Amino acid sequence: MEFNLLHPVDHEGYLFSQNRCVWVNGPVIVGAGPSGLATAACLREQGVPFVVIERADCIASLWQKRTYDRLKLHLPKQFCQLPRLPFPEDYPEYPSKKQFIQYLESYTQKFEIKPQFNESVQLARYDETSGLWRVKTESISGEVEYICRWLVVATGENAECVTPEIDGLNQFSGEVLHVSDYKSGERFKGKKVLVVGCGNSGMEVSLDLCNHEASPSMVVRSSVHVLPREILGKSTFELAVLLMKWLPLWLVDKLILILAWFVLGNIERYGIKRPSMGPLQLKNTTGKTPVLDIGALSKIRSGDIEVVPGIKRFTEKQVEFINGETMDIDAVLLATGYRSNVPFWLQEKEFFAKNGFPKTEFPHSWKGKSGLYAVGFTRRGLSGAASDAIKIAQDIGGVWRQEIKQKRRPTACLRRCISQF
C-alpha cells in the first residue's frame, strides 16, 4: 500500500520532498545477501509477507562483485547451505564462487524473493508514538519511506571495506587496491606485490599471485592461527564440531592444534606466530577466524611467498618495515577486511553496539526489542546466518498467525503512523 506525501517533516525535522510512503504488511529486510535471502525464504514458509531492500543491483553483491575469481567456500557445503534447500548433489564438497552464486539464484527463484534493488537505506528508526519502524531509502527514482512493524537487519559483517591509514601510502606511486577489487593475479605477472593482511583472503590472494607468476610478500603484523583445511581426510571444521559434542572447548582447541602441528609442522619458523588463545576460543571471543590453508603455506616454505613484518611507512616506490628493512614494490594489495555499516543508518543504541554488531552474544544475538532483528552477525558464517533466519521467521510467524486468528488488521496502526507526518 502506498501514499504520496508532499514535503512531510518528521519529529526530528527531516524534510523529504515528494516522498513515497509505503506500508509493508510484514517485516522489512535490509540486505539481499545470503542472510537476507534465508530470512525471506523462512518467512515465505511461515506465510508472512515481506519486503527486501538491497542497495546493489543484484543479490549477494559481496559474492558477485567483491570477491576474487578463485574463491571457494572454505567449509564443506553441508555447513554452508541455507534453510530448506540443500546444495545440488553434483556440487563438490567445497563449491566455487560461481556455483555458490548459482545456488543463491536458484534459492531466490524457488522462494519467489524479489528484492527492491538499487535502494540504499539512509535512515531507519523506531517511532515510539506509532509503535512502528520507519525506513527511509534513496534511489535514482527518488526517496521512499517504508513503514513496518518488524525490521530485519541483514547487511552482515562485511558491508564496508576497511582501508587502514598507513604513513606514506598516498605517496606510493604504484597501484593500491583493496582485495574487494582484486579478481585475478594475471594482471600482476612479473610484479612485486605487497599483500597487507594474513587472514584467509591475504593467504589466498598471495597463493593466487604465485600461480600467476607474480612475487608476493605478505605482511604478518600480529599472531594468527593457520590450520589445515582437512585433517585425515576430514574437514577440520567438521572435526571440531564433532569433538565439541563430547569435549570442552579448551580441550578441542588443544587437540586441533596438536593435529595441525603434525600436518603443517612448526609454522613459527616461517614468521607466523600463533595466538596464546586457541583457535575456537579466539573465534568465539573476538570473531577472528583461523586461516584454513589451501596451499599458501607450501609456497611460504618454498620462498615463493615471503613473510614480512609490520609496515612503518611507504615511499614513492618502496615500503619500510618496522625492523628498518626496505623493499622495492610495484603494487599494494590491502587484504584488511570489512566491517558492519549498521551504525551509519540505524538510529538505535540499545541492541547494536558502536561496531555494528549486536551487544548480546550468540545464540541470543538475533532478537532486539520493538520488532528489531539481526541476521548474519554471529561470526559463525553461513550456518550461523541460517540459524538466525529460522528463529526470526518462527518468532514473527508466531505473532502473525496469532493475529490472523484474532482477525486483527494493521490499518489502525497505519492511520496512527501516517498521522505523524
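**Exercise 1. The five-stranded sheet**

Over how many bridges do strand S11 (residues 192-196) and strand S12 (residues 215-219) pair, and in which sense? Work the solution out on this predicted model, and then place the pair in its sheet and find the helix that packs there.

*Solution.* Begin with the pair itself: S11 and S12 are joined over five bridges, and they pair in the parallel sense. Within this pair, Val 193 has Pro 216 of S12 opposite to it. Next, turn to the helix: H4 (residues 200-211) packs on the sheet, where it touches S11, S12 and strand S21 (331-334), and its direction makes about 165° with that of S12. Finally, place the pair in the whole sheet, which is open, has five strands with parallel pairing and follows the order S10-S21-S11-S12-S17. Its edge strands are S10 (175-178) and S17 (306-308), each of which pairs on one side only. As a reminder, strands of a sheet pair through backbone hydrogen bonds, either parallel or antiparallel.

**Exercise 2. The four-stranded sheet**

Find the order of the strands in the open sheet of four strands, and explain why one side of S4 and of S24 is left without a neighbour in the sheet.

*Solution.* The order is S4-S3-S8-S24, and the pairing is parallel. Strand S4 (51-53) and S24 stand at the edges, and each has a single partner strand, so one side of each has no neighbour in the sheet. Averaged over neighbouring strands and with direction ignored, the turn of one strand against the next is 20°. Looking inside the sheet, S3 (residues 28-30) and S8 (residues 151-153) pair in the parallel sense over three bridges, and Val 28 stands opposite Leu 151 in S8. Two helices can then be added to the picture: helix H1 (residues 34-46) packs on the sheet and touches S3, S4 and S8, with its direction at about 160° to that of S3, while helix H9 (residues 381-405) packs on the sheet and touches S8 and S24, with its direction at about 160° to that of S24.

**Exercise 3. Two packed helices**

Determine at what angle helix H6 (residues 249-264) and helix H7 (residues 279-286) pack, and which word describes how they are oriented to each other.

*Solution.* Two packed helices are described by the angle between their axes and the distance between the axes. For H6 and H7 the angle is about 125°, and the axes are 7 Å apart. H6 and H7 are therefore oblique to each other. To see what makes up the contact, list the residues: Leu 249, Val 252, Asp 253 and Leu 257 in H6 meet Pro 279, Leu 280, Gln 281 and Asn 284 in H7. Sorted by character, the residues of this contact are five nonpolar, two polar and one charged.

**Exercise 4. The cavity**

Find how many cavities of 30 Å³ or more the whole structure holds, and describe the lining of the largest cavity.

*Solution.* The search finds one cavity of 30 Å³ or more, and the largest cavity contains about 40 Å³ of space. Its lining consists of His 74, Asn 200, Met 203, Glu 204, Val 291, Leu 292, Asp 293 and Ile 294. Helix H4 and strand S16 (291-293) each supply at least two residues of this lining. By character, the lining divides into four nonpolar, two polar and two charged residues.

**Exercise 5. Two backbone details**

State whether the peptide bond from Phe 362 to Pro 363 is cis or trans, and say where Leu 232 is found.

*Solution.* Most residues other than glycine have a negative phi, and most peptide bonds are trans. The bond from Phe 362 to Pro 363 is cis, with omega near 10°, and Pro 363 lies in the loop between strand S23 (346-347) and strand S24 (372-374). Leu 232, although not a glycine, has a positive phi of about 55°, and this residue is in the loop between strand S14 (230-231) and strand S15 (234-235).

Methods: Residues are numbered from 1 along each chain as its sequence is written. This is a predicted model: local features need pLDDT of at least 70, side-chain atom pairs count only at pLDDT 80 or more; totals for chains, interfaces and linings use all residues. Side-chain values use heavy atoms; hydrogens and water are left out. Two strands pair if DSSP finds at least two bridges between them. Contact means heavy atoms within 4.5 Å. Axes are lines fitted to C-alpha atoms, for helices over the stretch in contact, and angles run from 0 to 180 degrees between N-to-C directions. Angles under 35 degrees count as roughly parallel, over 145 as roughly antiparallel, 65 to 115 as roughly perpendicular and the rest as oblique. Ala, Val, Leu, Ile, Met, Phe, Trp, Tyr, Cys and Pro count as nonpolar, Asp, Glu, Lys and Arg as charged, and the others, Gly among them, as polar. On a 1 Å grid over the protein atoms alone, a cavity is a set of points where a 1.4 Å probe fits but cannot get out, and a pocket is an open set with protein on both sides within 12 Å along at least five of seven lines; lining residues have an atom within 4 Å of a point. Grid points are joined across faces, edges and corners, and a volume is the space filled by probe spheres set on the points.
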